[in-house]
Every structure is written in structure tokens, then in C-alpha cells.
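Please examine the model presented below. The paragraphs after it lead from an enclosed space to a strand and then to a helix.

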Amino acid sequence: MGGSTYNPHDVDGDTLLRVSKSSFIGYAKCPRRYWWDKIALPDVMSPSSPEAERGRAIHAVMEDGLHDKKWDQHAEAHGVAGDIGVSALGDILAAVAEAWGGLEITEIEVKHEVPYSCEYSRQEEGVICVDHYDVILVGLIDAVFRMPDGSICIVELKTGSANQGKLSRTRKELAYYRYLYEQVHGETATHFLTIFPDATDPKFLTDLMNKRNTEVFMGTTQGLAVLEPVGTRTVNAMFKTLHSSIHGIMTHEWPIKWNEYFCTQWCDYHLSCNEQLLGVAGDITMG
């Protein structure tokens, strides 16, 4: 097998499309942003926000802390000493360990690459056509735990705001990681554990505690983790998004999905898109 690339223009007999969790979900959110990031300006790195830098640091603290539980020491090493989110993270993982009689860690921050054959069904003049794409799925799973009954649990750490919408979006990411883990290790995860060290919304907590088949682990002053069984609907939704995104990327479809809040606040390319939508500029992806 040859190499892999995020740019569909570089895909040929020896080079396959490279698909990560962020790339296929990012494409589904806005194909035009994918075009900017992976095709137009693949070597341009946008400055990281303080929130993103903090998130990466706390992820690093979890990776190191799961080995030796020296949370404060690792927090200082990664520049987040005294961060309440780090304390909450340690409390939450301690609560999980207490409930389970310890933490059996299968892997932490392991990168996987898995060959995948995608099938995308579409209708053309009343006839169902099936397109086939061979790709490489890649992913870095935050952690994988083995539960007391021997089941596998995929773990995801999410810093920042915590709410039902974010939890729903995260399930799709976890389903993607679940597939990668299954292909590499031959074991199918039965549960997801999503850790929100910054969670402070009492309604979010109450809603979770009242939900069937869901277990919640809490930090001392803030933060929580949600343990829930893998749902068939979540898995099906992930594959649907994955296949649709791969098809769109491979057929060079780059429409703008404009959102007045998200685009202007979080996308570096919104001025170009806004000019096109207003008719001031043409579609540069067609040039």
C-alpha cells in the first residue's frame, strides 16, 4: 500500500484518502472549511486559542496522570498548575476507579490506522448506484478502559462547556474510535465514558442522573463523567456521516454551510464565504 492524503486531488492508485475523526466530522459540518484546511491552505497553521491550548494541556495531564496519579506534578509540567479542571479530572477518575475496584487501562493515546472500504449509495435517474472508495481511517483514542465485567469502554475527555448537544456530538466521535479499536484488537466496546472536567450545569447533571442505563461520576466541586452503553442509532449515524463525507470529499463537493454565529466566531475563512454569499466574489473552489 502506498501513502495517504487528505487532499482528494492527490488520490491515485498508490495514494489513498486519509480520513480522521476531525476531518470527516469537519466536512459534514462545513465542506468549504474542509477545502480551505486540506486543499487550499494545508500548510497554514492558524494560531491556537487559549481554550485549545488549555485543552491540549489537560489531555496531556490525563495521559501522564493515568500512569502514576501525580496530577499536580503533571499539571505543573504542562502549564496548567492550579487549574480546577485538572483537580476535577483527578477526582472523576478516582471515583470511577473506586466504583470499579481500580482502573484497568488497555491503552492511552494510541494512534491507529485502518484500511477501510466505503460504500455510498445514491440515486441517479431512478437507479440506485453504489460508489466504492478505499480509504485509510486514522484516529488517536484518548483512552480505553476494561470494565469489571471484562467489557471494553472507549474514553473521551472534553474540556470546556458541557451540555446535551456536546454529549450527542461526542457519541459519534466515540463510535468512530470504537470501530478503529475493534479492527485493531478484535474486541468490540460496549460502553462510552465521556469526561467533562469543566461541567458546572446542575440541569445537565440532573438530566443525566435521571436517564436510564446511564451512570454519572462526579468531581468534588465540579466536573462529571458519563458512562453509557453504545447505542445502535449512534453507530449507524456515525457510519452514515462517514460515508457521506468520504463521497463528498472524493467527488470534490465544497458547498458553504453558513451559520451566522459559528462561522463568524470560529472560522478563519468566514470573510471569503460571506463575500461569495453576498455575490461580491465568485466561487474560488471552481477556479
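How much space lies in the largest cavity? In this predicted model, the largest cavity holds about 50 Å³ of space. The count of cavities of 30 Å³ or more comes to 1. Its lining is formed by C30, R32, R33, W36, I256, K257, W258, C263, C267, Y269, H270 and C273. Two or more lining residues come from each of helix 2 (31–40) and helix 10 (270–277), and helix 2 makes the greatest contribution, with 3 residues. Classified by side chain, the lining comprises 8 nonpolar, 1 polar and 3 charged residues.

Attention may now turn to strand 2. Strand 2 spans residues 16–20, and 5 of its 5 residues are buried. Strand 2 pairs in the parallel sense with strand 1 (residues 4–5) over 2 bridges; there, L16 in strand 2 is the bridge partner of S4. Strand 2 also pairs in the parallel sense with strand 4 (residues 127–146), over 4 bridges. In that pairing, R18 stands opposite I136 of strand 4.

Helix 5 offers a further point of study. Helix 5 covers residues 84–100, and because each of its 17 residues is taken at 1.5 Å, a span of 24 Å is expected, which agrees with the 24 Å between its end C-alpha atoms. At the start of helix 5, the backbone nitrogen of G85 lies within 2.7 Å of a side-chain oxygen of D83. The buried residues of helix 5 are G85, V86, A88, L89, G90, I92, L93, V96, A97 and W100. An α-helix has 3.6 residues a turn, so residues three or four places apart point the same way. Just after helix 5, G101 adopts a positive phi of about 75°.

How values were computed. Residues numbered from 1 in each chain as written. Predicted model: local features only at pLDDT ≥ 70, side-chain atom pairs only at ≥ 80, totals over all residues. Heavy atoms only, no water. Buried < 20%, exposed > 50% of the residue type's maximum accessible area, 1.4 Å probe, protein only. Pairing = 2+ DSSP bridges. Expected span 1.5 Å × (residues − 1). Polar contact = N/O pair within 3.5 Å; in protein donor to acceptor, adjacent residues only side chain to side chain. 1 Å grid on protein atoms, 1.4 Å probe; cavity = no way out; pocket = protein on both sides within 12 Å on 5 of 7 lines; lining within 4 Å. Points joined across faces, edges and corners; volume = space filled by probe spheres on them. Nonpolar A, V, L, I, M, F, W, Y, C, P; charged D, E, K, R; others polar.
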